[in-house]
Amino acid sequence: MTKLPSANLRRAGLAGAAALTAVLALAGPAAAHAEVEADKAQALAENVTLTFVSEAESASGGFREVRVVLPEGIAPADVSLGKAPKGWSLKVTDDGYVVGGPALKTGVDAEYEVRVRQLPDADEVAFKTVETYSDGEISRWIELPKDGQEAEQPAPLLKLKAAAPGATPVAPSPSATPTPSPTPSAAASSTATATADASTAAEAGEKKDDDGSSTGLLVGGAIAAVLVLGGGAWWLTKRRASATGG
């Protein structure tokens with residue numbers, strides 16, 4: 001009679017251990033090693049602060065950088081860095097951003113904040129994350145749930161409440177583009193054209209004056225020659241007449 005309670009306790013203990021093992025096994029894949037939270041987890045919410053936490057896993061290196069691919073509806077230009085580890089900065093990429101800097105100590109989680117201009121109009125948004133450690137190890141938390149199954153390397157997922165009544169999407173911030181060279185105005189073009197025409201006219205006038213001066217010199221020279229020749233002929237005729245008369 002005294003052995004029955006002991007056997008029952010032993011069986012209960014084994015059953016409890018098995019149940020705990022099963023719970024831990026199920027919870028393992030669902031526990032994300034990169035997570036995201038928001039101070040306003042609501043669709044179309046503006047000026048939202050997102051807090052990201054990446055759990056340290058490497059035994060030989062600390063976090064050096066975290067790269068995030070933004071979900072559709074959030075432009076990289078609409079993200080700015082808030083709190084972050086000392087010396088870390090944010091660099092915008094084509095599809096998201098990279099936050100990084102001096103490597104953290106081994107075993108220290110990477111936690112930082114970014115400010116988003118507006119969240120998209122969606123039920124949930126995923127932030128695919130790639131973590132790089134100082135020892136070269138890379139962890140990719142980029143998988144999305146599929147058919148209700150938990151992913152082994154899940155991307156940080158943020159569930160959103162429905163948008164507030166009257167909330168509308170804001171226009172995206174303009175991306176930085178090279179400033180084009182200013183196009184000459186019509187007035188400037190007209191002025192330049194008039195100046196060019198005036199210069200051409202002046203050159204033509206100078207050429208015409210030069211031609212006129214040359215022509216005048218030639219005519220004057222011809223008249224002078226005729227007068228000289230005429231005067232010479234008259235002098236010779238008079239001399240001959242005087243000689244004959246004498």
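This passage describes strand pairing and a charged surface patch in a predicted model.

Strand β1 spans residues 34-38 and strand β2 spans residues 46-54. The two strands run antiparallel and are joined by five bridges. Within this pairing, Val36 of β1 has Phe52 in β2 as its bridge partner. Strand β2 is also joined to β7, again in an antiparallel arrangement, through eight bridges. Strand β7 covers residues 110-118. In the pairing of β2 with β7, Val53 stands opposite Glu111. Strand β2 is thus bridged to both β1 and β7.

Beyond β2, Glu55 lies in the loop that leads to β3, a strand made up of residues 63-69. The relative accessible area of Glu55 is 29%, so the residue is classed as partly exposed, a class that lies between the limits of 20% and 50%. Glu55 and Ala34 are separated by 21 residues in sequence, whereas their C-alpha atoms are 6.3 Å apart in space.

A negative surface patch is formed by four residues, Glu35, Glu37, Asp109 and Glu111. Of these, Glu111 is the residue in β7 that faces Val53. Asp109 is found in the loop between β6, residues 96-100, and β7. With a relative accessible area of 38%, Asp109 is partly exposed. This value is over 30%, the accessibility required of patch residues, and therefore Asp109 meets that criterion.

How values were computed:
Residues numbered from 1 in each chain as written. Predicted model: local features only at pLDDT ≥ 70, side-chain atom pairs only at ≥ 80, totals over all residues. Heavy atoms only, no water. Patch = residues over 30% accessible without salt bridge, like charges linked within 9 Å, V, L, I, M, F, W, Y side chains within 5 Å. Areas by Shrake-Rupley, 256 points an atom, 1.4 Å probe, with all protein chains shown as cover. Salt bridge = Lys/Arg side-chain N within 4 Å of Asp/Glu carboxyl O. Lys, Arg positive; Asp, Glu negative; His and termini not counted. Charge placed at Lys NZ, Arg CZ, Asp CG, Glu CD. Helix = DSSP H or I, 4+ residues; strand = E, 2+ residues; numbered from the N terminus. Buried < 20%, exposed > 50% of the residue type's maximum accessible area, 1.4 Å probe, protein only. Pairing = 2+ DSSP bridges.
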